[in-house]
Amino acid sequence: MSLSEVSAALRARLPELGERMAVRIRAEVEAYADESLIPFASLRESCTANADQLLGRFALDAEPDVGPAERTGRLRAEQGVPLADTLHAYRIGFGYLWERLVDEARRHPEVTDAHLVAGSSEIWAQFGRYAEAVAAAYREASAELALRREARRSALVEALFTGALADRTTLWETARQLGLPERGPYAVVAAAVPDPGGEPLPGIEGALRQAGVPSAWRLLPDAQLGLLSLTHPDAESLIGRALRRRSARVGVSPRFDSLRDTPQALRFARLALAGLPGEGPGVARFDDSPLAMLVAAAPAEAARLVETVLGPVLGLPAPERARLLHTLGHWFTHGGVATETASGLFIHPNTVRYRLRRVEKLTGRSLSDPADLADLGAALHTLRLVPRPDGDAVNGNHLG
């Protein structure tokens, strides 16, 4: 009797072999002991199919079909079984099958040690083929699952940002699926995308997760949006450091407690981003400058405010216009104290007072009248955020 005939004899007892192989694997591989993760019937079916192919290699001298191995690899990926455990189970299964081949061969003196040595070499060569098939199928399935999970996660985040999820139970379930707490406080972040397809905050979700701040993100053509939990006691400082390290232009919403308010928070975050002065990186919080947010929310109306309040100043020749705006801007910055303004501008306090009187005369507004002061401050702040086409700005180095 040759080794092929021994294999054929074992193949006749295939159901029993599959059952015992499954019992051995379940006893020796921890992940396989969980019936809810891998039902015994599924494990037995996999063991039987793989044993059938391998014994067929010896019994019929046929090239084995690695299809069962590929199916097992995909199934274990879907079940969430670690790849290392899956390959360990295959190693145990092959070892068990070889033990049975040797036991059966010992009953037949005509099967020599030379036959067994050749069989041993063959079976472990086949193990290599099967392991490669399992691993390749496992990784392919894992990649597909990751893409599906990411697509679903992205869709859930989008639904929160657009307000498509309004039911309380649905909101809580969505929070759990996104790994967010069911209650706030939360904040929304909006970062400008410098180039189409670019990611202004690369690695931000992982960095925040390591710091203990759960978040969920969505990349759009114009912005990268994030919904962040602020339940960590140092969440705001951790988030601030993570955002500044990435040198992006970022707007941050006020805190809010209900996921139902996510769309409004997104609007505030976008307004904060729009109100960020200059063109370089920076982080603007909506609550830090409500006036800037109003300007960003209504740019056309804000531009009209500038023309109404500062029109006569803006109509001056460029050098004089620049000096007056620059002085007025410094005066506001220094709390309306002429001496400190003069020190900051390296000019005499009387020069500051003269320029301020010129502003009052041109605009018809008094810097000592609270209502007029509010108008001038709002117009000046708007001019800082939305420079005019001719280059006017406030506190710019080219002015003064």
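## Two buried phenylalanines

Phe94 and Phe127 are both buried. We're looking at a predicted model here, and this pair is a handy way in. Their ring centres sit 5.3 Å apart with the planes at 70 degrees, and since anything over 60 counts as edge-to-face, that's what this pair is. Phe94 belongs to helix 5 and Phe127 to helix 6 (residues 113–162), so the contact ties together parts that are 33 residues apart in sequence. The two also have company: ring pairs join Tyr90, Phe94, Phe127 and Tyr130 into a cluster.

## The other ring pairs

How many aromatic pairs are there? The count comes to six. A pair of aromatic rings is described by how far apart the centres are and by the angle between the planes.

Take Phe268 and Phe286 as another example. Their centres are 4.5 Å apart and the planes make 40 degrees, so this pair goes down as tilted. Phe268 comes from helix 10 (residues 262–274), while Phe286 sits in the loop between strand 5 and helix 11 (290–297), so parts that are 18 residues apart in sequence get tied together. Are these two buried or exposed? Both Phe268 and Phe286 are buried.

## A cavity among the helices

Next, the enclosed space. There is one cavity of 30 Å³ or more, with a volume of about 160 Å³. It is lined by 16 residues, and those closest to its centre are Met21, Ile25, Cys47, Asn50 and Tyr90. That Tyr90 is the one already met in the ring cluster with Phe94, Phe127 and Tyr130.

Which elements give two or more residues to this lining? They are helix 2 (14–28), helix 3 (40–59), helix 4 (67–79) and helix 5 (83–106). Helix 3 gives the most, with six residues. As for chemistry, the cavity lining splits into eleven nonpolar residues, four polar and one charged.

## The sheet

Now for the strands. Five of them make an open sheet in the order 2-3-1-4-5, with mixed pairing. Strand 2 (215–219) and strand 5 are the edge strands, each with a single partner, so one side of each has no neighbour in the sheet. Ignoring direction, neighbouring strands are turned by 15 degrees against each other on average.

Strands of a sheet pair through backbone hydrogen bonds, either parallel or antiparallel. In which sense do strand 4 and strand 5 pair? They run parallel, with four bridges between them. On the residue level, Gly251 has Ala284 of strand 5 as its bridge partner.

## The largest pocket

The largest pocket has a volume of about 260 Å³. Its lining counts 18 residues, and the ones nearest its centre are Glu236, Ile239, Val252, Ser253 and Arg285. Strand 1 (186–192), helix 9 (235–245) and strand 5 (282–285) are the elements that each give two or more residues to the lining. So the pocket draws on strand 5, which is also one of the edge strands of the sheet.

Which element gives the most to this pocket? That's helix 9, with five residues. The pocket lining divides into ten nonpolar residues, two polar and six charged.

## Backbone oddities

Most residues other than glycine have a negative phi, and most peptide bonds are trans. A few spots here go the other way. Gly184 and Pro185 are joined by a cis peptide bond, with omega at about 10 degrees. Pro185 lies in the loop between helix 7 (168–178) and strand 1, and strand 1 is among the elements lining the largest pocket.

Then there's Ser247, with a positive phi of about 50 degrees even though it isn't a glycine. Ser247 sits in the loop between helix 9 and strand 4 (249–252). With a relative accessible area of 52%, Ser247 is exposed, because the cut-off is over 50%. Phe346 is another non-glycine residue with a positive phi, near 60 degrees. Where is Phe346? It's in the loop between helix 14 (338–345) and helix 15 (349–363). Phe346 counts as exposed at 76% relative accessibility, whereas Phe94 and Phe127 are buried.

Technical notes. Residues are numbered from 1 along each chain as its sequence is written. This is a predicted model: local features need pLDDT of at least 70, side-chain atom pairs count only at pLDDT 80 or more; totals for chains, interfaces and linings use all residues. Side-chain values use heavy atoms; hydrogens and water are left out. On a 1 Å grid over the protein atoms alone, a cavity is a set of points where a 1.4 Å probe fits but cannot get out, and a pocket is an open set with protein on both sides within 12 Å along at least five of seven lines; lining residues have an atom within 4 Å of a point. Grid points are joined across faces, edges and corners, and a volume is the space filled by probe spheres set on the points. Ala, Val, Leu, Ile, Met, Phe, Trp, Tyr, Cys and Pro count as nonpolar, Asp, Glu, Lys and Arg as charged, and the others, Gly among them, as polar. Rings of Phe, Tyr and Trp (its six-membered ring) pair if their centres lie within 6.5 Å; planes under 30 degrees apart count as stacked, over 60 as edge-to-face and the rest as tilted. Buried means under 20% relative accessible area, exposed over 50%, partly exposed in between (1.4 Å probe, protein chains only). Two strands pair if DSSP finds at least two bridges between them. Axes are lines fitted to C-alpha atoms, for helices over the stretch in contact, and angles run from 0 to 180 degrees between N-to-C directions.
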